[in-house]
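Work through the exercises below with the sequence and the coordinates open. Each task is followed by a solution in steps.

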Amino acid sequence: MTTTAPEWATYAGLLADLLRERGDIETPEWHDAVEHVPRHAFVQRAYEQDPTGLWTSWEADAHWDRVYAPKTLVTALDSRRGYPEPASSSTNPELMVRMLEMLDLRDSHRVLEIGTGTGYNAALLSRRLGDTRVFSVDIDPELVALAGQRLRTAGYRPTLAAVDGQDGLPEHAPYDRIIATCSAPAVPLSWAEQLAPGGSVLVDLKLAISAGNLVHLNRRADGTLEGRFATRWASFMAMRHHGDLPVSAPRVEQAEDGRSRATAAPVPPWGTPVVWFLAHAAGLPRGVEFGALLDPESRTPYAASLTGPDGSWARVSLSDHTVTEAGNTSLWEPVERAYRVWVDTDRPGWDRLGLTVDADGHNTVWLDEPDGEHTWLLPADDTPMRA
Ligand SMILES: C[S@@+](CC[C@H](N)C(=O)[O-])C[C@H]1O[C@@H](n2cnc3c(N)ncnc32)[C@H](O)[C@@H]1O
C-alpha cells in the first residue's frame, strides 16, 4: 500500500530547497529538518498588522504557502501597554537555519534554547539531535504549555521549562551550545557557567531597538566567553523579565529653547546600525526613546528625536543636520563620539566588532581585537530595557 505525502509536506520541501538555493541551509541535516517539521502545527494562527496599524489574523491550515515561507510569523500579542504588540513569533526560517548552521552541531551535542515560543525551533533541533539532547525555556508558561502539546503531537519531546532564560537551565547543564531566540542587552554569566568546555553561545545582543546584532561566543579554557558579531544584521524581540514595567521616557514638550549646533553624525543615527550600537555602548542611557518627528501637514519626517529617561532630549534636523538639545544629559554627545571612532577606524562593519564576557560577567565590546585601542564596557543588565 502506498501512502501519499500530506499537502503541507510539498510546501515544507519547497521551503527547504529554497533555503538551500539561497545558501542559508548548507548541510543535509538542516534541509531534512525543515523538510520534515510541520511549521503549520506550531503556528496555527498568525497575526499581521496592516498599514493603518490594525491587527488581523489567519489560519495556517488554509495558507500553506504563507506558513512555509521565509517570513517571521507573529503568533501572540500582548496588550498590557494599552495597544497590541507582538509577544511571541515563529522566527523567519531563513534566519533560524542560518543560526542553526552557525552552531556547527555534532550528533552528540546538547543544546539549550532560550525562547521556546511556538516550539518550531525546538522541533528542528529535536529532529536533528533527538529529544534527549534538546532543552528549551520560555518566560511565558502558557507558551511553554502550548509548545509542549504541539511538539508532542508532531512527535517530539524535548525538555521544556517555563523559567526566565536569563538564568539558563542549571539543572540540565552543561550544554554544548546555547542559542537565544530573543535579544539580550548583555550575555549573563549563568550562560557562561552552564557551557561545556568547547561550547558556544549564539545570541542577538541588543542594547536598544536596532542597536546590536547576533554575536557568536566561544567558551575559552578559563571559562570566559569571546567571539565576534555576525556579518549580516538580524533582530529578535527583546528578552523580558517578570515584574518588568514598561519604561517610557516622559512626554516632554520640545520647546525651541534648547542649545543648537551643527553635527556631522548620521541622521537618523539608527539608520547606521554600527554607529547606533556604539552610541549605546558609549553611554546613551538605557530606555532612550527615539523616532521621527513628522510635519503635521505633510506627515513627512523633518527631524530625528531622542528622549532620555530624565526628560533630556535631542532633536536633529534631517535637512541641515542642526542638533538642538535640552536637559541635564546630552543624548547626542554619545552618538557623535561613536561616529568619530567609526570614521577614524575606516567605518567598520559588524564583523570587526567582538564581545568578551569575563569571569565576573562583565561584557566588553571591542573593535578588531579584545585588547585593542577601542573597547566599551557595557552597563550591567540591572535596568529593564523597554523601548
Ligand atoms: C521570537 S520568539 C522565539 C521563537 C521560537 N524560538 C520559535 O521557534 O517559535 C521569542 C520568545 O522569547 C521569549 N522570551 C522573552 N523573554 C524571555 C526570557 N527572559 N526568558 C525566556 N524566554 C523569553 C518570548 O516569550 C518569546 O516566546
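**Exercise 1. The ligand site**

Task: Find which polar backbone atom lies 2.9 Å from a nitrogen atom of the ligand, then describe the surroundings of the ligand.

Solution. The model is a predicted one.

Step 1. The backbone atom belongs to Gly 115, and its partner is a nitrogen atom of the ligand at 2.9 Å.

Step 2. Look for similar pairs. A polar backbone atom of Gly 165 is 2.8 Å from a nitrogen atom of the ligand. Ser 88 instead uses a polar side-chain atom, which lies 2.8 Å from an oxygen atom of the ligand.

Step 3. Check how far the ligand is covered. Taken alone, the ligand exposes 600 Å², and the protein buries 99% of that area.

Step 4. Count the shell. With a cut-off of 4 Å between heavy atoms, 27 residues surround the ligand. The closest are Thr 118, Asp 138, Asp 164, Gly 165 and Arg 240.

Step 5. Assign the shell to elements. At least two residues each come from strand 4 (85–90), strand 5 (111–114), helix 6 (120–129) and strand 6 (134–138). Strand 4 gives the most, with four residues.

**Exercise 2. Domains and the five-stranded sheet**

Task: State how the protein is divided into domains, and give the order of strands in the open sheet of five strands.

Solution.

Step 1. Domain 1 covers 7–182 and domain 2 covers 259–343. Their C-alpha centres lie 36 Å apart.

Step 2. The five strands are arranged in the order 12-16-15-14-13, with antiparallel pairing. Strand 12 (259–262) and strand 13 (289–294) are the edges, each pairing on one side only. From one strand to the next, the twist averages 20°.

Step 3. Take one pair from the sheet. Strand 15 (residues 313–317) and strand 16 (residues 322–326) run antiparallel and are joined by four bridges. One partnership to locate is that of Ala 314 with Glu 325 in strand 16.

Step 4. Add the helix. Helix 10 (residues 332–344) packs on the sheet and touches strand 12, strand 14 (301–307), strand 15 and strand 16. The direction of helix 10 makes about 15° with that of strand 12.

**Exercise 3. A hairpin**

Task: Determine in which sense strand 1 and strand 2 pair, and over how many bridges.

Solution.

Step 1. Strand 1 (residues 45–49) and strand 2 (residues 55–59) pair in the antiparallel sense, over five bridges.

Step 2. For a residue-level check, find Glu 48, which stands opposite Thr 56 in strand 2.

Step 3. Strand 1 and strand 2 form a hairpin with five residues between them. In the turn, Gly 53 has a positive phi of about 95°.

**Exercise 4. Backbone exceptions**

Task: Locate the cis peptide bonds that precede Pro 174 and Pro 268, and the positive phi of Arg 347.

Solution.

Step 1. Recall the background: most residues other than glycine have a negative phi, and most peptide bonds are trans.

Step 2. The bond from Ala 173 to Pro 174 is cis, with omega near 5°. Pro 174 sits in the loop between strand 7 (159–162) and strand 8 (175–180).

Step 3. The bond from Val 267 to Pro 268 is also cis, with omega near -5°. Pro 268 lies in the loop between strand 12 and helix 9 (273–281).

Step 4. Arg 347 is not a glycine, yet has a positive phi of about 50°. Arg 347 is in the loop between helix 10 and strand 17 (353–357).

Notes
Residues are numbered from 1 along each chain as its sequence is written. This is a predicted model: local features need pLDDT of at least 70, side-chain atom pairs count only at pLDDT 80 or more; totals for chains, interfaces and linings use all residues. Side-chain values use heavy atoms; hydrogens and water are left out. Domain bounds come from an automatic or database domain assignment. Two strands pair if DSSP finds at least two bridges between them. Axes are lines fitted to C-alpha atoms, for helices over the stretch in contact, and angles run from 0 to 180 degrees between N-to-C directions. Contact means heavy atoms within 4.5 Å. A polar contact is a pair of N or O atoms within 3.5 Å; within protein, one must be able to donate a hydrogen and the other to accept it, and residues adjacent in sequence count only if both atoms are side-chain atoms. Accessible areas come from the Shrake-Rupley method with a 1.4 Å probe; for residues, only the protein chains shown count as cover.
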